[in-house]
Amino acid sequence: MSVVNQAGKPPGLMGVKHVIAVASGKGGVGKSTTAVNLALALAAEGYKTGILDADIYGPSQGMMLGVAEGVRPQSDEEKYFLPVSALGIQAMSMSFLITESTPMVWRGPMAAGALQQLIMQTKWDNLDYLVIDMPPGTGDIQLTLSQKVPVTGAVIVTTPQDIALLDCKKGIEMFRKVDIPVLGVVENMSLHICSQCGHEEAVFGEGGGERIAQEYQTDLLGQLPLLASIREQTDKGQPSVISEPEGRAAQIYRAIARKVVASVEAQEAQAVKAPTISVLND
C-alpha cells in the first residue's frame with residue numbers, strides 16, 4: 001500500500017491546493033482539449049496551475065502543450081519527477097517518459113500502477129489547481145485516482161448527441177459513487193459554425209448538456225462550438241487560450257475556468273459553515 005501523509009495527500013501533492021479531474025464517459029468528445037485549455041485558462045485567470053496527463057494508453061498533453069519529443073522531466077533527489085514547464089503551467093505526462101511511437105500494451109492493473117507512480121512521484125510546486133486529464137471510461141485508472149488522490153471535484157465533458165450523453169451519465173454516477181463532487185458539465189461541438197457564411201447549426205443535437213446538468217443538479221459550465229481552429233491550434237501545441245486569447249473559444253474556456261473556481265470556493269465555504277456537534281456531560 002502506498003504511503004499517504006496525515007493530510008491525506010501523497011507527498012508530491014503537498015504543494016497542491018485543489019485537484020480537478022476532467023473526465024468523459026467515452027472517447028472522442030474533446031476531453032483532452034478541454035483539460036489543457038481549462039488549465040491554461042486557470043493560469044490566465046491568475047492561478048498557479050499544473051496538468052497531469054492520466055491517459056496512460058494515449059497520452060497527448062505533451063503534444064498539445066508543444067513539448068518537444070525527447071524532453072524528459074528532471075528528478076529531485078532521485079526520488080521525485082519534477083514537472084515540465086510549458087506555456088506557463090507545470091505538466092507531467094507518460095508522453096515525457098516514452099517515445100511517440102511506443103504503444104502502451106498493458107493490462108488495466110499495469111496502467112493503474114503507472115498512474116499511481118506518476119501521482120506518488122511527481123513533485124508539484126505550490127499549485128492552486130492541478131487539472132488531471134483522465135482517460136475515457138469508468139475503469140481501473142479512475143478508481144485508482146479516487147483512492148489515491150484527494151480530488152476536489154470533477155468536470156465532465158460530453159457532446160450533445162444521445163450516445164455521448166448516455167456515457168456522460170455513467171461518468172457522473174461513477175464520481176458520485178466514490179464521493180467526488182461533480183462541478184459541472186462542458187458540452188463540446190454544440191454548434192457548427194460555417195466558416196464561409198457564419199450560419200450556425202446544431203449538427204449533433206442540442207440541449208443535451210443542459211438536460212444532463214438539470215437531471216443531476218449540477219452546472220452547465222459552458223458550450224464550445226465545433227470550430228476547426230480549436231483542433232488546429234491544439235495540434236500545433238498552441239491551444240486556443242494561448243494562440244487566440246481574445247477569440248470566442250478562449251473566452252468560453254476562461255468563463256468555464258471562472259465557474260470552476262466559483263464552484264470550488266462555494267464548496268469550501270459550505271464546508272466551513274458545516275455545524276459541529278459536541279457531546280457534554282450532564
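In this predicted model, helices α5 and α6 are roughly parallel to each other, because the angle between their axes falls under the 35 degrees that bounds this class. The crossing is at roughly 25°, and the axes of α5 (residues 162-177) and α6 (residues 208-215) come within 10 Å. The crossing in which α5 passes α6 is right-handed. Two packed helices are described in general by the angle between their axes together with the distance between the axes.

The contact between these helices can be given residue by residue. From α5, the residues D162, L165, C168, K169 and I172 take part, and they meet G208, G209, R211, I212 and E215 of α6. By character, the residues of this contact divide into four nonpolar, two polar and four charged.

Helix α5 also has a second set of neighbours, in the sheet. It lies across β1 (16-23), β8 and β9, and its direction is at about 170° to that of β8. The sheet is open and has eight strands, in the order β5-β6-β2-β7-β1-β8-β9-β12, with mixed pairing. At its edges are β5 (84-86) and β12 (220-223), each of which pairs on one side only. On average, neighbouring strands of the sheet are turned by 25° against each other, direction ignored.

Strands of a sheet pair through backbone hydrogen bonds, in either a parallel or an antiparallel manner. Strands β8 (residues 153-158) and β9 (residues 182-187) run parallel and are joined by five bridges. Within this pair, V157 has V186 in β9 as its bridge partner.

Which residues other than glycine have a positive phi, near 55° or about 60°? The table lists two, D179 and M189, with their places in the chain.

| Residue | Phi | Place |
|---|---|---|
| D179 | about 60° | loop between α5 and β9 |
| M189 | near 55° | loop between β9 and β10 (192-193) |

Most residues other than glycine have a negative phi. D179, which is not a glycine, has a positive value, and M189 likewise has a positive value in a residue other than glycine. Is D179 buried or exposed? Its relative accessible area is 71%, and D179 is therefore exposed, the cut-off for that class being over 50%. D179 is found in the loop between α5 and β9, whereas the place of M189 is in the loop between β9 and β10.

How values were computed:
Residues numbered from 1 in each chain as written. Predicted model: local features only at pLDDT ≥ 70, side-chain atom pairs only at ≥ 80, totals over all residues. Heavy atoms only, no water. Axes fitted to C-alpha atoms, helices over the stretch in contact; angles between N-to-C directions. Helix = DSSP H or I, 4+ residues; strand = E, 2+ residues; numbered from the N terminus. Parallel < 35°, antiparallel > 145°, perpendicular 65-115°, else oblique. Left-handed = near helix turned anticlockwise from the far one by under 90°. Contact = heavy atoms within 4.5 Å. Nonpolar A, V, L, I, M, F, W, Y, C, P; charged D, E, K, R; others polar. Pairing = 2+ DSSP bridges. Buried < 20%, exposed > 50% of the residue type's maximum accessible area, 1.4 Å probe, protein only.
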